[in-house]
Amino acid sequence: HGTSQINDKGQLEIGGCNTVDLAARFGTPLYVMDEALIRQRCREYINAFRESGLNFQVAYASKAFCVMAMCRIAEEEGMSLDVVSEGELYTALQAGFPAERIHFHGNNKTPAEIEMAIDANIGCFVVDNFIELHMLNAIAAEKKRKVNILLRITPGVEAHTHEYISTGQTDSKFGFDLGNGSAYRAVEEAVAQPNLELLGIHSHIGSQIFEVDGFKLAVEKMIGFATEVRSGLNVTFRVVNLGGGFGIRYTEEDTPLPLRDYVKAITDGIVTYFSSHNYPLPEIWIEPGRSIVGDAGTTLYTVGTVKEIPGVRKYVAVDGGMTDNPRPALYDSKYEAMLANRGKDANAETVSIAGKCCESGDMLIWDLELPKVQNGDILAVSCTGAYNYAMASNYNRIRRPAVVFVKDGQADLVVKRESLDDLTDLDVIPERLQKKAA
Ligand code: LLP
């Protein structure tokens, strides 16, 4: 998919770059991001909204993969940006991302984060709870500012892949509940705060979703709430944000929809429900993360040791694992992989791919068909662009890998590989523990 192909020598190329050469040049493990595919995904969303004729913002949920070069691409493609911490905000600002297109999320924003975001003039806060609502107003008042907000609503719709469940009240740490009246009270209190400008409401129903029904139901709940608020409080929402969660294909078992189908379901739903309630059509915002960067990423590893337990299993260990991709260990996520240096070799066997961390749970893929694997082969695991680098750790003091963007035969480093000194730089040895000169 994307710009990936297997060349005549049976080697994997991405963005016109031979991955075997990339592994040699930058070392492994290495995250390789197909820049053209990232840009294509951004455009799919934006074009789908343009077709609808509605006003919109597509905010890239930077939590999926937040580095400065990615913020530049998001800006160039006309995206907005969703951040959830001072670190993501700082990264965006350092990259020069236009502050007015930044939306700040999170269920426990600190006073320092709120101050930083107000000082930077960000476009909007997505307010999660009453404490934040009042703190935000107070800090804005101190700074003699008025800040735009959306209220995060818990709509009572939870969606994961094919299933969604509709509950009267959701047991969630996020947002104002629709069912118990706290969302209504939040609107009442928000409009009463002189330093807050209430633009509208937000909902996020889940992640890696393959169907549109959950989104349609969320739209229906949002219009129900909007209508109630309009008649009861005379408040009209100008913005409705439906969050992210659009699924991608990690393996053949996954059946995501084309991105424009998700957008169409949402925009059609908005037009239908809001028109039928004689409600002025709001601006629609969404926040995709995974579906922008997920399938653009490939991780390259070098095969190290191989352990065969006759009649049981063959373990093939690579030079990374749960430190660069914690998703199999955390969520039992499935991945596909191939040998980047011998993609066409037909001499297949079934192996399991192990990481190098000191625990048995550090397995990347169970029962994978590969050509007969040898020490030194380059393994390419696909669909690692979202929530891999973002969730990478230094467990076992393993260094975080480098990230390169590839496009039209050019490979550019966008994150350097961590050095050994990076690992010890923040350590401090107290005076009393220092080695005394003999
Ligand atoms: N908006 C909000 C409020 C969110 O909480 C999230 C994801 C998104 C947007 C973006 O969702 P996406 O389009 O990427 O599905 N670490 C997990 C995923 C956690 C998602 C958290 N929230 C994983 O690796 O699967």
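A residue is taken as near the ligand here if its C-beta atom, placed from the backbone, lies within 6 Å of it. In this predicted model, 18 residues surround the ligand, and the closest are Ser-207, Gly-244, Gly-289, Arg-290 and Tyr-387. Two elements, helix 10 (290-293) and helix 11 (327-331), each give two or more residues to that shell. Sorted by class, the shell comes out as six nonpolar, eight polar and four charged residues. As for where the ligand sits, residues come from both domain 1 (5-33 + 294-424) and domain 2 (35-292), so the ligand lies between the two.

The database record can be set beside this. In an unreviewed UniProt entry, the "binding site" annotation takes in Gly-245, Glu-287, Pro-288, Gly-289, Arg-290 and Tyr-387. Gly-289, Arg-290 and Tyr-387 are also listed with the closest residues to the ligand.

Two of these residues deserve a look one by one. Gly-289 sits in the loop that runs between strand 15 and helix 10. Gly-289 is classed as buried because 24 other C-beta atoms lie within 10 Å, and the cut-off for that label is 20 or more. Leaving aside residues up to four places away in sequence, Gly-289 touches Tyr-60, Ala-61, Lys-63, Ala-64, Gly-244 and Ala-386. One of these contacts, Gly-244, is itself among the closest residues to the ligand.

Next comes Arg-290, which belongs to helix 10. Arg-290 has 25 C-beta neighbours inside 10 Å and therefore counts as buried. With residues up to four places away in sequence again left out, its contacts are Ala-64, Ser-207, Gln-208, Ile-248, Ala-386 and Tyr-387. Ser-207 and Tyr-387 also turn up in the list of residues closest to the ligand. Ala-64 and Ala-386 appear in the contact list of Gly-289 and in that of Arg-290.

Away from the ligand, the backbone has a few quirks. Thr-28 and Pro-29 are joined by a cis peptide bond, with omega at about -5 degrees. Pro-29 falls in the loop between helix 1 (19-26) and strand 4 (30-34). Asn-121 is not a glycine, yet its phi is positive, at about 65 degrees. This asparagine is placed in the loop between helix 5 (111-119) and strand 8 (124-127), and Asn-121 counts as exposed because it has 12 C-beta neighbours inside 10 Å, the cut-off being 12 or fewer. Asn-278 is another non-glycine residue with a positive phi, here about 55 degrees. Asn-278 lies in the loop between helix 9 (259-276) and strand 15 (283-286); with 8 C-beta neighbours inside 10 Å, it counts as exposed.

Toward the start of the numbering there is an open sheet of three strands, ordered 1-2-3 and paired antiparallel. Strand 1 (5-6) and strand 3 (17-18) form the edges; each has a single partner strand, so one side of each lacks a neighbour in the sheet. Strand 2 (residues 12-14) pairs with strand 3 in the antiparallel sense over two bridges, and Glu-13 stands opposite Asn-18 of strand 3.

Finally, Ala-141 is part of helix 6 (residues 130-142). Ala-141 counts as partly exposed because it has 14 C-beta neighbours inside 10 Å. Its C-alpha atom and that of Val-235, a residue 94 places away along the chain, are separated by 22 Å.

Key: Residues are numbered from 1 along each chain as its sequence is written. This is a predicted model: local features need pLDDT of at least 70, side-chain atom pairs count only at pLDDT 80 or more; totals for chains, interfaces and linings use all residues. Helices (H or I, at least four residues) and strands (E, at least two) are DSSP runs, numbered from the N terminus. Ala, Val, Leu, Ile, Met, Phe, Trp, Tyr, Cys and Pro count as nonpolar, Asp, Glu, Lys and Arg as charged, and the others, Gly among them, as polar. Domain bounds come from an automatic or database domain assignment. UniProt positions are given in the numbering used here, feature names are shortened, and annotations may be inferred rather than shown by experiment. Two residues are in contact if their C-beta atoms, placed from the backbone, lie within 7 Å. Two strands pair if DSSP finds at least two bridges between them.
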